[in-house]
Amino acid sequence: MMTGQCLCGGIQYEYAGRLGPIALCHCSQCRRAQGSAFAANSPVQKVHFRVTRGDELVKEFESRPGKYRAFCRECGSPLYSRVDAIPGILRLRVGTLDGPVNQSPAYHVYVGSKADWYTITDDLPQYEKTERTNDPH
C-alpha cells in the first residue's frame, strides 16, 4: 500500500496497486501545470486509487477536450491526470507519494517540446512524443 498527499495535506490518498513505468514528460502542458522542466508521471489503475481525506478539495480542470488534470483547490498541488478515452487509468504525479518509491524513471516523453533552458543529461530513452499509441497524455 502506497500513500500520498498534496502540499497542504488536505488531500490524502492511498494506492493499493503497482506503479507503471515512470515517465518524465516535457510537454508544454505538463511544464505549465508543474511549474518545472517536466512532470514525473506513472500510470496507475483507478480501481486501486482512493482519496482517504479531502475528497471535496480535489478539483479537476479540463486542459483539453476529454483530458482532466486534478489538483488540490487549497494549495494547488497537482495529483493526477486522466482521459475519458482510458477511463481505468490515472497518471499519478509521483512527487505526491509519501516514502520511498523504489522505482526509477523509465523514459522521457515529448522531448520535442522540452524547455529550451533544460538539458537532459541521463541515458534514459527519449521519445519525441510518446512510445505508446494509447498513452493518456
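Is C25 buried or exposed? In this predicted model, C25 counts as buried, with a relative accessibility of just 1%. Its sulfur sits 3.7 Å from the closest cysteine sulfur, the one in C27. A disulfide needs the two sulfurs within 2.5 Å, so the C25 and C27 pair is too far apart for a bond. C72 tells a similar story: its closest cysteine sulfur belongs to C75, again at 3.7 Å and again too far for a bond. C72 is buried as well, at 1% relative accessibility. Across the whole structure, the search turns up 0 disulfides.

Now for the strands. One open sheet holds 7 strands, lined up in the order 6-7-8-9-4-3-10, and its pairing is mixed. The edges are taken by strand 6 (58-64) and strand 10 (105-109); each has a single partner strand, so one side of each has no neighbour in the sheet. From one strand to the next, the twist averages 30°. Further in, strand 4 (residues 39-45) and strand 9 run antiparallel and are joined by 5 bridges. As for individual residues there, N41 has R93 of strand 9 as its bridge partner.

There is also an open sheet of 3 strands, in the order 1-2-5, with antiparallel pairing. Here strand 1 (2-5) and strand 5 are the edge strands, each pairing on one side only. Ignoring direction, neighbouring strands of this sheet are turned by 30° against each other on average. Strand 1 and strand 2 run antiparallel, with 4 bridges between them, and T3 stands opposite E14 in strand 2.

What about the inside? The largest nonpolar core has 19 residues, and the ones that touch the most other members are I11, F49, Y80 and L92. Several elements give two or more residues to this core: strand 2 (12-15), strand 3 (22-25), strand 7 (67-72), strand 8 (78-83) and strand 9 (89-93). A second, separate core is made of 8 residues, among them A23, A39, Y107 and Y110. Back in the largest core, Y80 is worth a look for its partners. Setting aside neighbours within four places in sequence, Y80 is in contact with F49, V58, E60, Y68, R69 and A70, and also with L90, R91, L92 and R93.

The loops offer a contrast. S77 lies in the loop between strand 7 and strand 8, yet S77 counts as buried, at 11% relative accessibility. The side chain of S77 reaches the backbone nitrogen of L7 at 2.9 Å. Leaving out neighbours within four places in sequence, the contacts of S77 are C6, L7, A70, F71 and C72; that last one is the buried cysteine met earlier.

D55, on the other hand, sits in the loop between strand 5 (49-53) and strand 6. With a relative accessible area of 53%, D55 is exposed. D55 and A85 are 30 residues apart in sequence, and their C-alpha atoms are 23 Å apart in space.

Terms used. Residues are numbered from 1 along each chain as its sequence is written. This is a predicted model: local features need pLDDT of at least 70, side-chain atom pairs count only at pLDDT 80 or more; totals for chains, interfaces and linings use all residues. Side-chain values use heavy atoms; hydrogens and water are left out. A nonpolar core is a set of buried Ala, Val, Leu, Ile, Met, Phe, Trp, Tyr and Cys residues joined through side-chain atoms within 4.5 Å. Buried means under 20% relative accessible area, exposed over 50%, partly exposed in between (1.4 Å probe, protein chains only). Contact means heavy atoms within 4.5 Å. Two strands pair if DSSP finds at least two bridges between them. Axes are lines fitted to C-alpha atoms, for helices over the stretch in contact, and angles run from 0 to 180 degrees between N-to-C directions. A polar contact is a pair of N or O atoms within 3.5 Å; within protein, one must be able to donate a hydrogen and the other to accept it, and residues adjacent in sequence count only if both atoms are side-chain atoms.
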